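Hi everyone, thanks for making room for me today. I'd like to walk you through a model, so please have a look at the screen.

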Amino acid sequence: MSVEGLLLDGVRGYETMNMSSVLIKGLLFVFLSSTADATIPIIGKGALLYNLSPPQVFFLRHFMAFIVFVPICVFQRKPIVYLSPLVILQGLILFIQELLFYFSLQYLQASIATIIFYSYPIIVAVLAIFIFREKAPRRFYIGLVIAFLGICIMTGVFSGTSFISIKGLILVAISSFLFAIFSLLGQKTKAEPLQLIGTSSLICVIICGLIYPQTVIALPTYTLEQLGLGLASGVLNNLVGLVCFLQAIEYIGASRASLGCTLEPVIAVTLAVILLHEPVTLRELTGMVMVISSVVLSLSLPGYNKNAA
């Protein structure tokens, strides 16, 4: 073999190792994001137990996230607020998306809302084709379908016993679409993930205070348990969940990161079994296997390219 051939093989081997390392890091951040966000139902049950209304939980989540975010930025000597038009737009999108999802739960069962919301990886994949000219292998799209069907099976939508409200359907569909836009913008923003989420949390606190002023007025009256729930939600769902999700986008792209986060319902069921001692059904196990299989199929290394998904 010639010297040029040896050098070429060496370069290819290095590129393969580099892609493998990037993919592993991306998958690690996807898993951390999914695990952190899977605690949302558990924290929600705790909020009901301690008499917190959804707007209060929303306010405390973002307020506590920003309180924790400030000393981190001071320690790292980074700007506390990153005011760019794109970051402000993402903050507004995040606020509207979360608010619409909350309102959709007034009209839909949580299982149905989850199914519709987790169609956002499909929206991301389709929009990425037209906006960023991204391409993905066929197995990626097969994985999207398997993941969506797995979530449908887990939540029992095929049983035919669920009532679908048109109003709730529209609200959660818009919420899903907005989160897809948020994900794609996260691929293009120049702000670091922590700064983006910190700034977005501040925007959410300000707007929430304007729309629900009673959440701010009641701040001195919150109990330690209520503040603790807000702190847990802020740290887990904002500073870990969303930051890790945005970090995963940097490594493996918005499409693959979004698909990987379909693991969240699987982890949520697992946490409910372990922490809340809720029973798990064969239907849920079947859906979990399908979702995990779809992620393995779609995010496998051969043909991997960050800009292709």
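Before I point at anything, one term: a helix here is a DSSP run of H or I with at least four residues, and helices are numbered from the N terminus. With that in hand, Val 126 can be placed in helix α6, which covers residues 120–131. Please also keep in mind that this is a predicted model.

Let's step back to the whole chain. What does its secondary structure come to? There are 13 helices and zero strands. If you read the elements from the N terminus on, you simply meet one α after another. The chain has 309 residues, and 48% of them are buried. Its accessible surface comes to about 15,000 Å², and carbon and sulfur atoms account for 73% of that. As for contacts between residues at least 6 apart in sequence, 90% of them join residues at least 24 apart.

Now the inside. The largest nonpolar core has 52 residues. Which of them touch the most other members? They are Tyr 120, Phe 179, Phe 182, Phe 245 and Ala 257. The element that gives the most to this core is α11, with 10 residues. Another core lies apart from it, with 17 residues, including Ile 43, Phe 58, Phe 95 and Ile 207.

Take Phe 179 as an example from the largest core. Leaving aside neighbours within four places in sequence, Phe 179 is in contact with Gln 97, Phe 117, Tyr 120, Leu 242 and Phe 245. So two of the names on that list, Tyr 120 and Phe 245, are ones you have just heard among the core residues that touch the most other members.

Staying with α11, which spans residues 224–260, let me show you Gln 226. Is Gln 226 buried or exposed? Its relative accessible area is 10%, and buried means under 20%, so Gln 226 counts as buried. The side chain of Gln 226 reaches the backbone nitrogen of Thr 223 at 3.0 Å. Beyond its neighbours within four places in sequence, Gln 226 is in contact with Tyr 50, Asn 51, Leu 52, Leu 60 and Thr 221.

On to charges. How many salt bridges are there? The count comes to two. One of them joins the side chains of Glu 98 and Arg 61, at 3.3 Å from N to O. Glu 98 sits in helix α4 (residues 85–104) and Arg 61 in helix α3 (residues 54–76), 37 residues apart. Glu 98 is buried because its relative accessibility is 12%, and Arg 61 is buried with a relative accessible area of 12%.

The other salt bridge is between the side chains of Glu 192 and Lys 78, at 2.6 Å from N to O. This pair links distant parts of the chain, 114 residues apart: Glu 192 is in the loop between α8 and α9, and Lys 78 is in the loop between α3 and α4. Here Glu 192 is partly exposed at 35% relative accessible area, and Lys 78 is partly exposed at 29%.

Finally, back to Val 126 and the outside. Which residues make the nonpolar surface patch of about 370 Å²? They are Ile 122, Val 126, Phe 130 and Ile 131. Val 126 has a relative accessible area of 39%, so it counts as partly exposed.

Key:
Residues are numbered from 1 along each chain as its sequence is written. This is a predicted model: local features need pLDDT of at least 70, side-chain atom pairs count only at pLDDT 80 or more; totals for chains, interfaces and linings use all residues. Side-chain values use heavy atoms; hydrogens and water are left out. Patches are made of residues with over 30% relative accessible area and no salt bridge: like charges are joined within 9 Å, nonpolar side chains (Val, Leu, Ile, Met, Phe, Trp, Tyr) within 5 Å. Accessible areas come from the Shrake-Rupley method with a 1.4 Å probe; for residues, only the protein chains shown count as cover. A salt bridge is a side-chain nitrogen of Lys or Arg within 4 Å of a carboxyl oxygen of Asp or Glu. Helices (H or I, at least four residues) and strands (E, at least two) are DSSP runs, numbered from the N terminus. Buried means under 20% relative accessible area, exposed over 50%, partly exposed in between (1.4 Å probe, protein chains only). A polar contact is a pair of N or O atoms within 3.5 Å; within protein, one must be able to donate a hydrogen and the other to accept it, and residues adjacent in sequence count only if both atoms are side-chain atoms. Contact means heavy atoms within 4.5 Å. A nonpolar core is a set of buried Ala, Val, Leu, Ile, Met, Phe, Trp, Tyr and Cys residues joined through side-chain atoms within 4.5 Å.
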